[in-house]
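This report is written for someone meeting the structure for the first time. It takes up the domains, then the nonpolar cores and one helix, and closes with the ligand.

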Amino acid sequence: IQWDKAKGWHDAQVRAYGPLALDPAAAVLHYGQEIFEGIKAYRHADGSIWTFRPEANGARLQRSAERLALPKLPVAEFTESLRQLVAVDHEWVPSAPESSLYFRPFMIASEAFLGVRAAQAASYYVIASPAGAYFAKGVAPVSIWLSEDYARAAKGGTGAAKCGGNYAASLLPQQEAYAQGCSQVLFLDPVEGRYIEELGGMNVFLVYRDGRIVTPELSGSILEGITRSSILQLARDRGLKVEERKVSIDEWKNGVASGEISEVFACGTAAVVTPIGELKGKGFVVGDIDAPAGEVTMAIRQELTDIQYGRAPDRHGWLVRLR
Ligand code: PMP
């Protein structure tokens with residue numbers, strides 16, 4: 001779908017996958033004026049195809065658009081774009097028992113203009129790809145690397161938006177995590193460097209032995225995950241006491257060491273819910289990578305996937321039928 005200042009959104013079309021034609025002066029190539037989303041479609045046992053909370057992703061795309069000075073795509077158009085793609089592309093090949101179709105909606109500033117100002121033309125696209133397991137080891141606990149030298153976001157920056165630049169900033173620390181044998185990097189807050197924010201592509205939860213479940217508050221520099229907000233609801237439904245607040249890295253380290261924190265997990269659309277077995281950083285390791293995945297973690301994961309795949313009642317009205 002194309003946008004320009006004079007016509008607004010226009011020219012929606014579905015076409016065969018292939019290269020985009022872009023002017024070499026397109027603003028996106030020079031100033032990174034780009035935003036995106038990640039959302040999945042799930043095939044149910046009866047063959048129907050559903051997506052999960054598209055209005056939440058559509059609203060987040062609008063918030064990202066606002067921060068990146070891009071035009072807002074109406075939420076109804078966002079959901080409709082997924083529906084139209086599935087209408088022509090619904091026979092994806094399952095690559096794992098719980099396979100899904102991962103959508104990547106994105107918007108770029110397409111105006112050819114080298115001056116530094118918000119572009120007056122933009123393009124919105126959706127591509128899709130079948131998705132299996134996010135981590136090579138499936139839902140086995142993973143190791144996380146604490147990045148102490150880098151932040152992915154800054155105070156007043158774009159951390160709460162889903163824009164390419166945030167990910168560009170996280171690639172080097174992510175490589176460092178891989179080099180340390182870890183599969184994801186953990187970032188601390190950009191102001192004090194004391195409070196946990198999120199992983200490179202997931203939000204984080206700590207489960208206390210006394211039944212509390214704690215996640216970092218929306219600090220302004222972390223992404224408001226749709227999975228995060230769904231888990232907060234499912235945890236409340238289970239009678240767990242939910243806390244959204246500042247969580248220091250010492251709280252995590254000491255809580256795991258003392259046994260007060262019994263489980264830690266990460267969550268996101270791609271990885272769903274993934275147990276964190278150990279946290280490593282310069283000169284320390286906490287947790288036990290060989291310990292089995294936690295009970296609360298796996299129960300929440302099961303409940304969420306059961307809703308997404310239509311095996312449990314959708315009591316919060318989260319599913320939207322695409323086909
Ligand atoms: N934080 C970051 C930085 C992410 O890239 C993602 C994935 N979109 C998340 C958190 C989780 O968000 P969601 O649950 O909406 O996928």
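In this predicted model, the domain assignment of the protein chain gives domain 1, residues 2-131, and domain 2, residues 142-308. The C-alpha centres of domain 1 and domain 2 lie 26 Å apart, and the contact between them takes 21 residues from domain 1 and 12 residues from domain 2. On the side of domain 1 that touches domain 2, the elements giving two or more residues are β3 (34-36), β4 (39-43) and α2 (54-67), and of these α2 gives the most, with 6 residues. Sorted by class, that side of domain 1 has 9 nonpolar, 4 polar and 8 charged residues.

The class make-up of this side can be set beside that of the shell around the ligand.

| Group of residues | Nonpolar | Polar | Charged |
|---|---|---|---|
| Side of domain 1 that touches domain 2 | 9 residues | 4 residues | 8 residues |
| Shell around the ligand | 3 residues | 7 residues | 2 residues |

In soluble globular proteins, nonpolar side chains tend to be buried together. Here the largest nonpolar core has 40 residues, of which I144, L186, F205, L206, A266 and C267 touch the most other members, while the element that gives the most to this core is β14, with 5 residues. A second, separate core of 20 residues includes M107, Y124, A161 and C163. Leaving aside residues up to four places away in sequence, L206 touches V214, V247, W252, G255, I261 and V264.

Two of these partners of L206, W252 and G255, also belong to the buried residues of helix α6 (residues 249-258), where V256 is buried as well. Why can W252, G255 and V256 be placed on the same side of α6? They cover an arc of only 95° around the axis, and therefore they share one side of the helix. The cover over the buried residues of α6 includes the strands β10 (196-199), β11 (203-208), β14 (261-268), β15 (272-281) and β16 (284-287). On the face of α6 turned away from its buried side are the exposed residues D250, A257 and S258. After α6 comes G259, whose phi is positive, near 90°.

Which residues surround the ligand? The surrounding residues are G38, E198, G201, M202, N203, L223, G225, I226, T227, R228, G268 and T269. Helix α5 (residues 226-237) gives the most to this shell, with 3 residues.

Definitions and conventions: Residues are numbered from 1 along each chain as its sequence is written. This is a predicted model: local features need pLDDT of at least 70, side-chain atom pairs count only at pLDDT 80 or more; totals for chains, interfaces and linings use all residues. A residue is near a molecule or strand if its C-beta atom, placed from the backbone, lies within 6 Å of it. Helices (H or I, at least four residues) and strands (E, at least two) are DSSP runs, numbered from the N terminus. Ala, Val, Leu, Ile, Met, Phe, Trp, Tyr, Cys and Pro count as nonpolar, Asp, Glu, Lys and Arg as charged, and the others, Gly among them, as polar. A residue is buried if 20 or more other C-beta atoms lie within 10 Å of its own, exposed if 12 or fewer, and partly exposed in between; C-beta atoms are placed from the backbone. The arc is that of the directions from the helix axis to the C-beta atoms. Two residues are in contact if their C-beta atoms, placed from the backbone, lie within 7 Å. A nonpolar core is a set of buried Ala, Val, Leu, Ile, Met, Phe, Trp, Tyr and Cys residues joined through C-beta atoms within 7 Å. Domain bounds come from an automatic or database domain assignment.
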